[in-house]
Amino acid sequence: MRLFRNLGKQHRNTQRSFLLGERSLRAYLAGGNVRFLKDAETNLSVIGPEARQYKDARFYLGITKAQLRKANESIEILTKLQESVSTEREGSSDLDFADRIALQLAYAHIKTYTDKGYEAAEKVLNDLVSSASTKKSGELLLQAKSLQAFLYSVMAGYSTLELQKPDLARKAQNIGEEVLNDPRSSAGVRFEALNALGIAWMRIAEKGWDGSGDRAISCTKAQSYFDQALLIVPNSVRVLQNMATLRLIQIQQNFGKDRSVLLEEAKQLVKRSLEVNDQDQFPFYQLAQIAVEERDKASALSYIREGQNRPGAVKEKSWARVESAAEALQS
């Protein structure tokens, strides 16, 4: 009898952990603080293979890891989950689940910010677009296309394929506008497309590729798309940090407002994002860049030290570059 009582208690504990983990993840995605993500990670990680909720728990944990900038851990979890789902019989309800896994896996690959990751994400998304067309699934098609727009906008900034970057920005624009013009697009899909379009126009403003038009106008367009994205998710860390990057580009290119105003706006945008999620290298990297522009050596070096102790995908050469610029400042 004691054994069955223990099994009942174990089941209740598993159920509780799953519900807390799922609710915490949803709370974060709805605009909550990073503490929700940490709670989700803790609760979802303890659910073992014997649990009825195991597959869903691994799916949510994969999403959580990606949001915590642990992209490689997310990829490992989602890839194993995808393999387990693909071995099940055709026609099962898990086919839709497999599509959801693939979408999150593509996102995790993008968040590695590597050419290998971009290639993997592009393949996953191309397969999803093809599958959605075959199944006549409008919802899946639009979700996949919105992530394609995001992928190409990121590649326009971070890919090593320099000569292809103008075309990548245009692909992001074309796909993003196609998604926005589709009346079936949900709020989440529109958010992804708007953020991608903001990034694409931001990179056009930054690089000034031949035939891309007036760079100041490109900045204005980028800001407009970011503003629309924030109307959907007001506390989006991604959009707030993209807007801060846009301010830095405006400073470097001498566009728009007074330099001191732009620097203050950039700083406040980054600090808003930190109120939501401070478990990421990138905002500290941005603050270090801002401090260098303000010629504040001590603050820049402090942000660099703090940021390097966080998880994330800021490259060593990027840290080295901003640290070198900080060290060159007078104390």
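This briefing covers the overall fold, the salt bridges, the two largest pockets and one helix residue of the structure above.

The model is a predicted one, and its protein chain has 15 helices and zero strands. With a radius of gyration of 21 Å, close to the 20 Å that the globule rule gives for 331 residues, the protein chain is as compact as a globular protein of that length. The sections below move from the chain as a whole to its charged pairs, then to its pockets, and end with Ala320, which sits in helix H15.

**Overall fold**

- Taken along the principal axes, the box that the C-alpha atoms of the protein chain fill is roughly 75 × 50 × 35 Å.
- Of the 331 residues of the protein chain, 51% count as buried.
- Among the contacts in the protein chain with a separation of 6 or more, 63% are made by residues 24 or more positions apart.

**Salt bridges**

- Side chains of opposite charge can pair when their charged atoms come close.
- The count of salt bridges in this model comes to 20, including the three pairs described here, which are Glu41 with Lys38, Lys80 with Glu76 and Glu265 with Arg247.
- In helix H2 (residues 34-45), Glu41 and Lys38 are three residues apart and therefore separated by about one helical turn, and their side chains meet in a salt bridge with an N to O distance of 3.6 Å.
- Glu41 has a relative accessible area of 10%, under the 20% limit, and so counts as buried, whereas Lys38, with a relative accessible area of 32%, is partly exposed.
- In helix H4 (residues 71-86), Lys80 and Glu76 lie four residues apart, which is about one turn of the helix, and the salt bridge between their side chains has an N to O distance of 3.3 Å.
- Lys80 is exposed because its relative accessible area of 52% is over the 50% limit, while Glu76, at 45% relative accessibility, counts as partly exposed.
- The side chains of Glu265 and Arg247 meet in a salt bridge at 2.7 Å, N to O; this pair links distant parts of the chain, with Glu265 in helix H12 (residues 259-276) and Arg247 in helix H11 (residues 237-252), 18 residues apart.
- Glu265 is partly exposed, with a relative accessible area of 23%, whereas Arg247 is buried, with a relative accessible area of 9%.
- Through salt bridges that share partners, Lys38, Glu41, Lys65, Lys70 and Glu73 are joined into one network.

**Largest pocket**

- Rolling a probe the size of a water molecule over the atoms shows where empty space is left.
- The volume of the largest pocket is about 1300 Å³, and of the 42 residues that line the largest pocket, Leu29, Ile63, Gln67, Gln104 and Glu192 are the closest to its centre.
- Two or more residues of the lining of the largest pocket come from each of helix H1 (2-29), helix H3 (54-67), helix H5 (94-110), helix H7 (138-158), helix H9 (187-207) and H11.
- Of these elements, H5 gives the most to the lining of the largest pocket, with six residues.
- Sorted by class, the lining of the largest pocket holds 18 nonpolar, 13 polar and 11 charged residues.

**Second largest pocket**

- The second largest pocket has a volume of about 1100 Å³ and is lined by 44 residues, of which Tyr158, Arg203, Phe282, Tyr285 and Ser318 lie nearest its centre.
- At least two residues of the lining of the second largest pocket are supplied by each of helix H6 (115-135), H7, H9, H11, helix H13 (281-293) and H15.
- H11 provides the largest share of the lining of the second largest pocket, namely seven residues.
- By class, the residues that line the second largest pocket are 16 nonpolar, 14 polar and 14 charged.

**Ala320 in helix H15**

- Ala320 has its place in helix H15 (residues 316-327), and with a relative accessible area of 41% Ala320 is partly exposed.
- Ala320 and Ile304 are 16 residues apart in sequence, and their C-alpha atoms are 9.5 Å apart in space.

Note on methods. Residues are numbered from 1 along each chain as its sequence is written. This is a predicted model: local features need pLDDT of at least 70, side-chain atom pairs count only at pLDDT 80 or more; totals for chains, interfaces and linings use all residues. Side-chain values use heavy atoms; hydrogens and water are left out. Buried means under 20% relative accessible area, exposed over 50%, partly exposed in between (1.4 Å probe, protein chains only). A salt bridge is a side-chain nitrogen of Lys or Arg within 4 Å of a carboxyl oxygen of Asp or Glu. On a 1 Å grid over the protein atoms alone, a cavity is a set of points where a 1.4 Å probe fits but cannot get out, and a pocket is an open set with protein on both sides within 12 Å along at least five of seven lines; lining residues have an atom within 4 Å of a point. Grid points are joined across faces, edges and corners, and a volume is the space filled by probe spheres set on the points. Ala, Val, Leu, Ile, Met, Phe, Trp, Tyr, Cys and Pro count as nonpolar, Asp, Glu, Lys and Arg as charged, and the others, Gly among them, as polar. The radius of gyration is taken over C-alpha atoms; the globule rule is 2.2 Å times the number of residues to the power 0.38. Contact means heavy atoms within 4.5 Å.
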